[in-house]
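Me: I should like a close look at one part of this model, with attention to how its residues face one another. Please then set that part against the rest of the structure in one connected account.

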Amino acid sequence: MARQAMIIDMDRCVGCGACVIACQEEWDLPEGVQRNWVRPLFPVSDHSGDRPVFTHDVGLCNQCRNASCIDVCPTGATYRDDRGRVVVDNETCIGCGYCVSACPYGARVLREDLGRVEKCDFCAPLVDAGLSPACVAACPAGARIFGDLDDRISEASAYFREHALRQNASELVNTDPQVFYAGRDPVVARVFAEHPPNPNGLKPPLPALVFEKALRPAFFGLLALVITGQFVALGRQLIRGEAKDEEKPHAEEMIRRHDAAIIALHWFNALVWLFMAVTGSCLLASSVYRVTPEIFNQMVIETFGSYAALLKFHIRVGGIWLAVLLFYGVFGFRRYLVPYLRHLQIDRTDIAWLRAKLKRILGRPGVALPPQGKYNAGQKLCGWIVSLSTITLIGSGLAIVLFRGSGSLIQWAIPLHFAAAAVAVVAVVLHAFMATVVPSERAVLFSMFHGHIPARYAKEHNLRWWEEVRDKTAQN
Amino acid sequence: MSDQKKIQRRTFCKALGASALAPAVLSGRAHADIGVRRSVRRGIDVCEEIPSLCDLCFWRCGILAKVKQGRLVRIEGNPDHPRNKGRLCARGTGGRHLVEDPDRLRTPLLRTGDRGEGRWKPISWDQALDLWAEKMRATIDEHGPGAIGLFSHGLSSRFLSNFATHLGCPNNSAPSFGQCRGPRDVGFQLTFGDGPGSPARHDMARSRMIVLIGCHIGENVQTGQVMEFAEALGRGARLVVVDPRMSVAASKADRWLQIRPGTDTALLLAWIHILIAECLYDREYVERYTTGFDELREAIAPYRPEWAAEVTQIPREVIEAEARAMAERKPAVLIHCGRFAAWYGNDTQRARAMAILTALLGAWGRPGGYYMKSDVTLGPPPCPPPHEGMDRSVATGRHAFTHFGVAAQEIVEASIGRGARIRQWIFCAVNPAHSIPDFRRTREAMRSLDFITMIDMIPTEGALWADLILPEASYLERHDDVLAVVDHPRPFVALRQPVVQPVGQSKGLYWIVQKLAHRLGHDDCFTQPDVTGYLDARLAPLGLTCEQLAREGVHLLDEQQPFLAEGQDFRFETPSGRIELHSETMKSQGYQPLPTFEPVEQPPMGWFRLVSGRSPYHSFARTQNLPRLMEKDPENHLWLNQGVAEAKGLATGDEVFLQNEDGVRTGPIPLLVTPAIRTDVVYMVHGYGSRSRALGRAYASGVSDNVLTSRFRADGPTGGTGIRVNFVQLVTRDGREIPGEFEQCRLQRSSLPPVPEAVAPVEITPDTGAGSSEQKQEIKEVDDTPAEPPADNGFFSVKPEESC
């Protein structure tokens, strides 16, 4: 692995700014966006009696070996390449700006025009084509020496061996910068004093911290709790013998529970959830946010070809999902949306049911459950959670994809997107577990295929709905 | 590998991302395949590369213009060009945006409002040229060719100045001479028979000691000069910087001599004194090549280091130590001749002192000092010499060595009033508001002229006053005359050629002047149908064609003799054939044959000498409309001594107004408070403060030093306008002085000791020149109490006979 580095000789540098303009021109940067900088440090008195110094704050990305910007990147767009450079993949950068706050040197800028971050990468495309970085090629003073420190015969490594070089690091902040400064002590000291690494730069921004320190552990905890709970409940049913598959009379009376469009939507949703959960978790590339094993992520990414392709798919499927939901909401407003919302209404019996259910879970199986409508309170709760999550996911997803600019909107959209997904995933896992593993709920599962449910089951579990249906049939 | 690298650097063309700078996509290509080195395909990118020359400063670096589908996408340095070897400064790289500047002049314009108002209407080239020719003919017929005044600058303006000469008009004032390097060139030419060249023939990279006098390399950037400067420092050269302000160079110096402004000649004379008195000069060199050493030795005797110490306020030990340091390192000592030299009106004599010091160190024609000029023979210029001689009626005869026709102030003075001798002006790439001092007189002249024509790329202040504006294609869109470089160890020729289509209807100057000449019936001028034909004829003696040079960009010629060989006899181009330490030529024209120190007025308490300098992002007042450069350095600051600022209750960032002795007030300008400037000086960067509303970015950004330069002191021999003679006060918006001073202010303004008169100067009254000499009387003399007379009548500290 190569170790590309730059040495800036402040005794040679005259602060002419050729490097800055060359960089802006090479990368066609708009006004106000710079990958490197030269700011005059005019001679001022430090009251030490020493002769003042007129030099320049000259800098660029330090390509730190312990870079604080890499881990904070949720998508892994920032990474260290095989030549030791810290680079950004423009296709996968979502412009959240976590890395901008996480750089102690202010070396990263958010490109509001493109919705991505801009930084120096030692002109990687030029260097890989055998050229010098633009700033090095332009520098009239020859103050910049660039090369591979691992290559013993490079000019940079010779310079590195022969000169006393310093890194702009402090006791508080030492990210092992790979930009080294040469020059007289008072000059280099002035440069460092005017541009000290900012200790706050090591800390990720608050939304990223909330993500890493609160949401991610909370998700694992919740998931573990729910899965354990389910197995405990199942075990209890098995022990008590409640889990026996009920005998099915051959010609049982069935009543219609779902129509075809709802069944289609249900399974479409199920697929989307599965796809989005898998791709979404694989998009969390950084180790501080990762929720699925890296090997699994790699497998998925390889299936899609690349991370960028995966991201593209994730965004596209989200778009399709939004379109389908809108289609149902608009064209099925009366037929589907209004009844759905009505079914989700929570009434007094739901509270009573929840209370009774809680008592049963806590070990009093004898407690009777009050009669329920088409859906019981547990299902309603699940419906609420999934519906709100869906809205949050789509909203925050749109914000991440569409919003270009700095600020807290996109920074908070990321943990929000994750939190919504985490809650929904837990709810869906619970839902799927109950439908597939708990034998007594099989009838519900089958109803999602053919749309009908045994009247006997409905009478037992959804008495009020059963009565409703019976009355309606009677009227007809 | 390195060759391959070079080629790749040239051919690399990036994919263009989205740009916030809405690009004006130019249709088609600049011209047929001329100049295009190669087309390169990288992915979907096709990029052409055209070698040309930068025009953002006099260094004229080689550039490679990268053009994609007719649009200029990048300018890089040309590795083949010996002056910049592939490197390029901020301005050269950022100059690309000149093509896309929305404020560029696109069509000929005719004034519709009053002069100075800036209201025009577009007209066609035919109308414009007919009008111009008609006005020219009328003026010449009625008043003769001497009634035309021309202000010109740059390589392309040679077409116009050559035609003016052909017409018999000598009134060609180049600010590059009279407002810049004229005194320096003349001072060196009188001494060595040859000026220092442009760029000066400094062999800086090999210098063992560099002495910069008021020269701020670093803030003042020419790519090649910075390259050599850094190389010399890297090799451990000793650097001495003489400057009242700590420049970037001074900060790097082994010794920073914070000199009292206006006393540089005293320091130089003291150094000459020490070299002779301590017998530290290069005796063999002086004996072999110079004349007038005895006169020099006699005349220099009074200028003792202790006297210079009092004058310059540099400790005597320091002066002596640096003279000895020079002697130790001779001949590889570069007494850098600077460039802008029109400071105090005694500038030719200062340049002479520098030249003499250089000669005593044996550094002229020696590695590490100055190298010798080469010769390049080109074909004839576009116009033959005048048929009937020159009309010299405007020259006052005050200045014997005004190389380029007539001094600017003479043209201005001859243009004011009804019966003025000069009736018509032409500005060619010159902005009078920022280059000629005392703009009030210039304005008065412009009010009374019959006709003013302005040729430029952008509507500067000069355009506001012009009757007719002709849009010139930028240096990226036109051919210029061949650049024949003789001031380089290896002579070469290089070509400036269009890399993109000219903006709007703008034209190159060859075309413009050709059309004018033919309308005036001068068919013996500009006989080639177009500029490339002319360039072919120009290059013919070298066996080159325009097409070939267009492709090569730079063509190196055979090396001649950059340095004097050991013990070689050499005939210099002076009348005596030797280096003239004592100049009979000066004497014969009525000037002191040996440099003398003339004290300049010191600012009274509460007043500051106004000194200006450069920013690495700007060239004069020409680059303030370029986005990349203006973004980096959008305004200038006023450097003010920290003690003075504290006494006045001011701090960095506070805004003040400036008012000069003539009541000219300008501002506000933010302060930069520093201990690293003397208490009697304030400093700002030149070129800001444009008053032309037609320049979107430049208008009203920063403050113009030239507005405050209402006085000047003309240099006798050259007529150069010494512009560091203005004093300013710091005032509030309504003109009240901001009070406050402290002890050091009085100390640093202490009166100068009298000039020692051990040896009576030659009975010549030195010409102090024209200009605003009457106005100068109004300044109160601060130094009315003479200091102690010199202790003895000034003999050498050590008798020369004893030591040598």
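Reply: B:A484 stands opposite B:V493, a residue of strand β18 of chain B. The model is a predicted one, and every value below is computed from it. The pair belongs to a contact between β17(B) and β18(B), where β18(B) covers residues 492-494 and the two strands run antiparallel over three bridges. A third strand completes the arrangement: the order is β17-β18-β19 in chain B, and the sheet is open, with antiparallel pairing. At its edges lie β17 (483-485) and β19 (554-556) of chain B, each of which pairs on one side only. From one strand to the next, the twist averages 15°.

The surroundings of this sheet are those of chain B, whose secondary structure comprises 27 helices and 28 strands. Of the 804 residues in chain B, 59% are buried. Among the contacts in chain B with a separation of 6 or more, 75% are between residues 24 or more positions apart.

Parallel pairing is found elsewhere in chain B, and β14(B) provides one example. This strand spans residues 424-428, and five of its five residues are buried, so the rest of the structure largely encloses β14(B). In a regular strand, side chains alternate between the two faces of the sheet. In β14(B), B:Q424, B:I426 and B:C428 point one way, while B:W425 and B:F427 point the other way, and all are buried. Strand β7 of chain B (residues 148-152) pairs with β14(B) in the parallel sense over five bridges. Within that pairing, B:C428 is the bridge partner of B:S152. Strand β15 of chain B (residues 451-456) is also parallel to β14(B), and five bridges join the two. Here B:W425 stands opposite B:I452 of β15(B).

The loop that follows contains a backbone detail. B:A429 lies between β14 and α15 (432-435) of chain B, and its phi is near 60°, a positive value in a residue other than glycine. Most residues other than glycine have a negative phi, and most peptide bonds are trans. B:A429 has 24 C-beta neighbours inside 10 Å and therefore counts as buried, the threshold being 20 or more.

A further parallel pair in chain B involves β10(B), residues 238-242, which is mostly covered, with five of its five residues buried. The cover extends to both faces: B:R238, B:V240 and B:V242 lie on one side and B:L239 and B:V241 on the other, and all are buried. Strand β9 of chain B (residues 209-213) runs parallel to β10(B) and is joined to β10(B) by five bridges. B:I210 faces B:L239 in this pairing, the latter being in β10(B). The loop between α5 (175-192) and β9 of chain B holds B:P199. The peptide bond from B:S198 to B:P199 is cis, with omega near -10°. A cis bond also leads from B:G667 to B:P668, with omega near 0°; B:P668 is found in strand β24 of chain B, which covers residues 665-674.

Helix packing adds to the picture of chain B. Helices α8 (residues 264-277) and α11 (residues 305-312) of chain B pack at about 165°, with their axes 9 Å apart. Since angles over 145 degrees fall in that class, α8(B) and α11(B) are roughly antiparallel to each other. The crossing of α8(B) past α11(B) is left-handed. On the α8(B) side, B:A266, B:L267, B:L269, B:A270, B:H273 and B:I274 take part, and they meet B:P305, B:A308, B:V311 and B:T312 of α11(B). This contact of α8(B) with α11(B) has eight nonpolar, two polar and no charged residues. The loop between α11 and α12 (316-329) of chain B contains B:Q313. Although B:Q313 is not a glycine, its phi is positive, at about 60°. B:Q313 counts as partly exposed because it has 19 C-beta neighbours inside 10 Å.

Lastly, chain B has a partner. Contact between the chains involves 37 residues of chain A and 47 residues of chain B. On the side of chain A that touches chain B, α1 (18-26) and α5 (134-138) of chain A each supply at least two residues. The largest share there, seven residues, comes from α1(A). By class, the residues on this side of chain A are 23 nonpolar, seven polar and seven charged.

Terms used:
Residues numbered from 1 in each chain as written. Chains lettered and ligands numbered in written order. Predicted model: local features only at pLDDT ≥ 70, side-chain atom pairs only at ≥ 80, totals over all residues. Contact = placed C-beta atoms within 7 Å. Helix = DSSP H or I, 4+ residues; strand = E, 2+ residues; numbered from the N terminus. Nonpolar A, V, L, I, M, F, W, Y, C, P; charged D, E, K, R; others polar. Pairing = 2+ DSSP bridges. Axes fitted to C-alpha atoms, helices over the stretch in contact; angles between N-to-C directions. Buried ≥ 20, exposed ≤ 12 C-beta atoms within 10 Å, placed from the backbone. Parallel < 35°, antiparallel > 145°, perpendicular 65-115°, else oblique. Left-handed = near helix turned anticlockwise from the far one by under 90°.
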